[in-house]
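Visitor: I am new to this structure and would like a close look at a single part of it. Could you take me through one helix and what lies against it?

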Amino acid sequence: MISQTVFLIIFLFLFVRTENRGSETLGYPVKLFLDFDPLILITTLFSSHAVPAALFISLVTIVFTMLFGRVFCGWVCPLGTLNNAVLSFSRSP
């Protein structure tokens with residue numbers, strides 16, 4: 001739960017940092033966070049038919065998932081954090 005909260009705060013900070021500053025590319029901290037997502041790797045691979053340079057960063061996530069279970073979805077993904085929060089509020093009397 002602590003890691004989910006920390007990564008949700010990081011995600012919200014990076015979300016604010018994605019404002020348009022006249023460039024069509026994402027800045028360093030936002031791009032790095034998104035490069036850890038293997039699903040973004042797969043969609044980029046299918047859409048561009050090329051292996052992106054971020055492949056190695058996504059492989060880190062895949063290796064950790066194979067060793068420790070649902071690393072990205074369970075610990076890092078902000079959607080999973082929000083789903084857990086809504087679920088805990090819906091179970092309260």
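Guide: What follows is a walk along helix 1 and its contacts, with a short look at a ring pair in helix 4 at the end. Please keep in mind that this is a predicted model.

Helix 1 covers residues 2–16, and Gln4 is found in it. With a relative accessibility of 7%, Gln4 counts as buried, because the limit for that word is under 20%. Leaving aside residues up to four places away in sequence, Gln4 touches Gly74, Trp75, Gly80, Thr81 and Asn84.

Helix 1 also packs with helix 2, which holds residues 28–35, and the two axes lie 10 Å apart at an angle of about 135°. That angle makes helix 1 oblique to helix 2, and the crossing in which helix 1 passes helix 2 is left-handed. On the side of helix 1, the residues that meet helix 2 are Phe7, Ile10, Phe11 and Leu14, while helix 2 brings Pro29, Val30 and Phe33. The residues of this contact divide into 7 nonpolar, no polar and no charged.

Turning to aromatic rings, the count comes to 2 aromatic pairs. In the pair of Phe64 and Phe68, the ring centres are 5.8 Å apart and the planes stand at 25°, so the pair is stacked. Phe64 and Phe68 are separated by about one helical turn, because they are 4 residues apart in helix 4, which spans residues 55–68. Phe64 is partly exposed, at a relative accessible area of 40%, whereas Phe68, at 53% relative accessibility, counts as exposed.

Methods:
Residues are numbered from 1 along each chain as its sequence is written. This is a predicted model: local features need pLDDT of at least 70, side-chain atom pairs count only at pLDDT 80 or more; totals for chains, interfaces and linings use all residues. Side-chain values use heavy atoms; hydrogens and water are left out. Helices (H or I, at least four residues) and strands (E, at least two) are DSSP runs, numbered from the N terminus. Buried means under 20% relative accessible area, exposed over 50%, partly exposed in between (1.4 Å probe, protein chains only). Contact means heavy atoms within 4.5 Å. Axes are lines fitted to C-alpha atoms, for helices over the stretch in contact, and angles run from 0 to 180 degrees between N-to-C directions. Angles under 35 degrees count as roughly parallel, over 145 as roughly antiparallel, 65 to 115 as roughly perpendicular and the rest as oblique. A crossing is left-handed if the near helix is turned anticlockwise from the far one by less than a right angle, and right-handed if clockwise. Ala, Val, Leu, Ile, Met, Phe, Trp, Tyr, Cys and Pro count as nonpolar, Asp, Glu, Lys and Arg as charged, and the others, Gly among them, as polar. Rings of Phe, Tyr and Trp (its six-membered ring) pair if their centres lie within 6.5 Å; planes under 30 degrees apart count as stacked, over 60 as edge-to-face and the rest as tilted.
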